[in-house]
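Here is a set of short questions and answers. Each one asks how a term is earned.

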Amino acid sequence: MFIDTHSHLNTSSRGFYFYNGLSINTLISNYSDNCKAIVCLNPKISEFSCPNDCTRKCFYYSTNSNVENCKKGCIYEDIHPVSTFDSTDGTLVLKCLKCGYILYEGKDPLKKYNLKLLEQVSNFDNLYPMIYLNCSNETICDEVKFYESNFPIVGFKIHPQTNYRSVDELDKIPTDLPILIHTGLNKYDHPKNAINFSKRHNGIVILAHAARLDIECLKAVNELPNLYLDVCPSSLLYKSKNFALAAPLREKINSPQDIYMNVLKYVSINKILFGSDYSWGIPSEELSVVESLPISKFDKEKILYRNAMEVYNLY
């Protein structure tokens, strides 16, 4: 048994420009009757991608969905990042930082996708919906209120890299449900920003992707009572360690198992959640990593499902 606390779904064949084939049927095939998944949107949607960005026009990127296959690495020559800006009337603006193109003005560019996810996930007893929030002080409180009042959700997700905005800019979010925050190594999604946010937020905050093995951030997860961690996708983090993980711990990583074992040097077993980051990771592969760890059976169960049951109240 396991509970995958970090999985993604595309809810439209249009609009998404990354992993176009990630459908509900593809997703559910990864989970047997005794396995469960918490599902949120694939964060890469067209509203957050400037039409002038080379990734929208590059044949290699669109067909392979992988920057490693992009011809001569040209994907980096004409990047047009889109950032989320607050308006003053309860709305937000999605605007390209390079060319100034405005992709969206309104209250919630994610709503139609979140609603479709809720509809599709409701057909499966072993899938639980997590709502993808905009990183905007003007809209986030209304978003939380709408979804908590109308749907049986288990948590929220924020993706600072997609929004090109740090969660450290956000005020308190009025929810008791867990909030999963993507982490990376740039100024917008560095785990330190999520830690700063967690210090003023009353509820549970989960740092995704092992907090990139930043030692000080791992220590903070252990020390702050409302902070937790997922370690996914360990296989991909290992393969990409030179740019996906922080020094100096990345030099000690020689396998996906090493990521877990280095996390455990700093973080209590009670604070670690299992996830796959599907489809960037594969649930069965991530399960094999945990099952091969040199820890007790009970500790493996904590990672695989016991901790998630507590954090997400899945009893």
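Q: What covers the buried residues of H10?
A: The cover includes helix H7, strand E10, helix H8 (234–239), strand E11 (272–273), helix H11 (283–291) and helix H12 (297–311). Keep in mind that this is a predicted model.

Q: Which residues of H10 are the buried ones?
A: They are Pro-256, Ile-259, Tyr-260, Asn-262 and Val-263. To be called buried, a residue must have under 20% relative accessible area.

Q: How do you know on which side of H10 they lie?
A: Look at the arc around the axis. The buried residues cover only 165 degrees of it, so they sit on the same side of H10. A general rule helps here. An α-helix has 3.6 residues a turn, so residues three or four places apart point the same way.

Q: Why is Leu-177 called partly exposed?
A: Buried means under 20% relative accessible area, and exposed means over 50%. Leu-177 has 22% relative accessibility, so Leu-177 counts as partly exposed.

Q: Where does Leu-177 lie, and what is in contact with Leu-177 beyond its neighbours within four places in sequence?
A: Leu-177 is in the loop between helix H5 (160–163) and strand E8 (179–181). Leaving aside neighbours within four places in sequence, its contacts are Glu-148, Ile-153, Val-154, Gly-155, Phe-156 and Ile-204. For a contact, heavy atoms must come within 4.5 Å.

Q: What makes E3 and E4 a pair of strands?
A: Pairing needs at least two bridges. Strand E3 (residues 82–86) and strand E4 (residues 92–96) are joined by five bridges, and they run antiparallel. In one of these strands, E4, Val-93 is the bridge partner of Phe-85. The hairpin has five residues between the strands, and there Gly-90 takes a positive phi near 80 degrees.

Q: What makes the link between Asp-214 and Glu-216 at the start of H7 a polar contact?
A: A polar contact pairs N or O atoms within 3.5 Å. Here a side-chain oxygen of Asp-214 reaches to within 3.2 Å of the backbone nitrogen of Glu-216. The pair fits the cut-off.

Q: Which residues of H7 are buried, and what do they pack against?
A: In H7 (residues 215–223), the buried residues are Ile-215, Cys-217, Leu-218, Ala-220 and Val-221. They pack against helix H6 (191–200), strand E9 (205–207), strand E10 (227–230) and helix H10 (256–263).

Q: How many of the protein's residues are buried, as a percentage?
A: Of the 315 residues, 58% are buried.

Definitions and conventions
Residues are numbered from 1 along each chain as its sequence is written. This is a predicted model: local features need pLDDT of at least 70, side-chain atom pairs count only at pLDDT 80 or more; totals for chains, interfaces and linings use all residues. Side-chain values use heavy atoms; hydrogens and water are left out. Buried means under 20% relative accessible area, exposed over 50%, partly exposed in between (1.4 Å probe, protein chains only). Helices (H or I, at least four residues) and strands (E, at least two) are DSSP runs, numbered from the N terminus. A polar contact is a pair of N or O atoms within 3.5 Å; within protein, one must be able to donate a hydrogen and the other to accept it, and residues adjacent in sequence count only if both atoms are side-chain atoms. The arc is that of the directions from the helix axis to the C-beta atoms.
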